[in-house]
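Work through the exercises below with the structure open beside you. Try each task before you read its solution.

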Amino acid sequence: MAWRAALRSKAVIPALLSCSSHGRLCASPTFITQRNNSTSPKIKVDYDQTTGVAVMHMQSPPVNSLSLDFLTELCISLEKLEMDKGCRGLIITSNQPKVFSAGLDILEMYGKSPEHCGEFWKVVQEMWLKLYGSNMVTIAAINGSSPAGGCLLSLTCDYRIMADNPLYSIGLNETQLGIVAPFWFKETMVNTVGHRNTEVALQLGLLYKPAEALKIGLVDQLVPEDQVFSVATQTMTKWLTIPEHARQITKSMMRNPTIDKLRTNREADIQNFVSFITKESIQKSLRMYMEMLKQRKA
Ligand SMILES: CCCCCCCCCCC/C=C/C(=O)SCCNC(=O)CCNC(=O)[C@H](O)C(C)(C)COP(=O)(O)OP(=O)(O)OC[C@H]1O[C@@H](n2cnc3c(N)ncnc32)[C@H](O)[C@@H]1OP(=O)(O)O
């Protein structure tokens, strides 16, 4: 699609393309199935103009992994909603059974060129900047597991409601993959659950069951699975009664220090990511993790 190509071409970082230390290609994956790039929308947005509330349904089978295409679509939808002054609230939820989002699509980081990795990371940053800094009230209706980037996605929202199902888990489990949550993932978590909880969670790559997640404040409310969406809608109604301007300024005051840190360091952050993720040892860790996922299934 033309808009997708346009957004992608904007996302390419010229500095990265010419960086000789990134000039190597990662090893080609031999065993991992590359999924077909489906052209069907990965996100469905329902916008009710009478309430001013939009609902974003993530619908990218099997597990709503955050691929380049997915994130590009997400950013475009967000941009459109943000520009519509009538849209005051956004609920993010999943149409996939049992999974909110499996986090960043590992296939975008495995066996890919440095240029591709840089392009991918730029859109990950873009998604975070847009959501964490959104003027809208944002609520995550977490109706399934939400590891790593999926957890980050929900942490960017103003309020998290999770299905009370012990089969589900949520957390920043990056270290379990042999990778490191970057500073802005870490700070988003610190801003939500505090320094000590974050330190333990990140070092150990903890995935929390809903009850534990509630205890440390990683989610704000647990509800029966079939009520996640209705409670999110009721909560939105309450949040929207607060005078808009005052709430927005308060949100900016709380979040801008972290947002500004990434905004002013985007290039360096991309370069860090690319040189880290393309290391042979890191590629090996990602491969082993993907193998583990497949074995678990078998
Ligand atoms: C010095 C400091 C510098 C720092 C620089 C930065 C460093 C890098 C930072 C990178 C940050 C990364 C963030 C991430 O989000 S990484 C992704 C982490 N995600 C996970 O660990 C989740 C893995 N998935 C699961 O646990 C389960 O799939 C899940 C619980 C979500 C669902 O379970 P279920 O049983 O329903 O489904 P399956 O496991 O059978 O999965 C179905 C198929 O989907 C594939 N899959 C799953 N997750 C992913 C994924 N994240 N990316 C790509 N593909 C994924 C899985 O392999 C199955 O595939 P097949 O059907 O082909 O077998």
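The exercises go from the whole chain to single helices, one residue and the ligand.

**Exercise 1. The whole protein**

Find how many helices and strands the protein has, and what share of its residues is buried.

*Solution.* Start with the type of model: it is predicted. Next, count the elements. The protein has 12 helices and 8 strands. Then turn to burial. Of the 298 residues, 40% count as buried. Last, look at the contacts between residues at least 6 apart in sequence. Of these, 80% join residues at least 24 apart.

**Exercise 2. One helix and its buried face**

List the buried residues of helix α6, and work out how they are arranged around the helix.

*Solution.* Locate α6 at residues 183-193. Its buried residues are Trp-184, Phe-185, Thr-188, Met-189 and Val-193. Now look down the axis of α6. The buried residues fall within an arc of 155°, so they line one face of the helix. A general rule helps here: an α-helix has 3.6 residues a turn, so residues three or four places apart point the same way.

Next, ask what these residues pack against. Their partners are α4 (114-132), α5 (149-155), α7 (195-204), α8 (210-216) and α10 (244-263). Finally, step just past the end of α6. There Gly-194 takes a positive phi of about 90°.

**Exercise 3. A helix pair**

Describe how α3 and α4 cross, and name the residues that meet.

*Solution.* Take the axes to begin with. Those of α3 (residues 68-83) and α4 come within 9 Å and cross at roughly 30°. The crossing is left-handed. Now list the residues. From α3 come Leu-68, Leu-71, Thr-72, Leu-74, Cys-75 and Leu-78. In α4 they meet Glu-119, Phe-120, Val-123, Val-124, Glu-126, Met-127, Lys-130 and Leu-131. Sort this contact by class. It has 10 nonpolar, 1 polar and 3 charged residues.

**Exercise 4. Buried or exposed?**

Decide whether Gln-203 is buried or exposed.

*Solution.* Place the residue: Gln-203 is in helix α7. Count its neighbours. There are 9 other C-beta atoms within 10 Å. A residue is exposed at 12 or fewer. Therefore Gln-203 is exposed. Now compare its position with Thr-50. The two are 153 residues apart in sequence and 45 Å apart in space, C-alpha to C-alpha.

**Exercise 5. Around the ligand**

Identify the residues that come nearest to the ligand, and sort its shell by class.

*Solution.* Begin with the 30 residues around the ligand. Ala-102, Gly-103, Leu-104, Ala-148 and Gly-149 come nearest. Then find the elements that give two or more residues to the shell. These are α11 (266-277) and α12 (280-297). Finish with the classes: 18 nonpolar, 7 polar and 5 charged.

Note on methods: Residues are numbered from 1 along each chain as its sequence is written. This is a predicted model: local features need pLDDT of at least 70, side-chain atom pairs count only at pLDDT 80 or more; totals for chains, interfaces and linings use all residues. A residue is near a molecule or strand if its C-beta atom, placed from the backbone, lies within 6 Å of it. Helices (H or I, at least four residues) and strands (E, at least two) are DSSP runs, numbered from the N terminus. Ala, Val, Leu, Ile, Met, Phe, Trp, Tyr, Cys and Pro count as nonpolar, Asp, Glu, Lys and Arg as charged, and the others, Gly among them, as polar. A residue is buried if 20 or more other C-beta atoms lie within 10 Å of its own, exposed if 12 or fewer, and partly exposed in between; C-beta atoms are placed from the backbone. The arc is that of the directions from the helix axis to the C-beta atoms. Two residues are in contact if their C-beta atoms, placed from the backbone, lie within 7 Å. Axes are lines fitted to C-alpha atoms, for helices over the stretch in contact, and angles run from 0 to 180 degrees between N-to-C directions. A crossing is left-handed if the near helix is turned anticlockwise from the far one by less than a right angle, and right-handed if clockwise.
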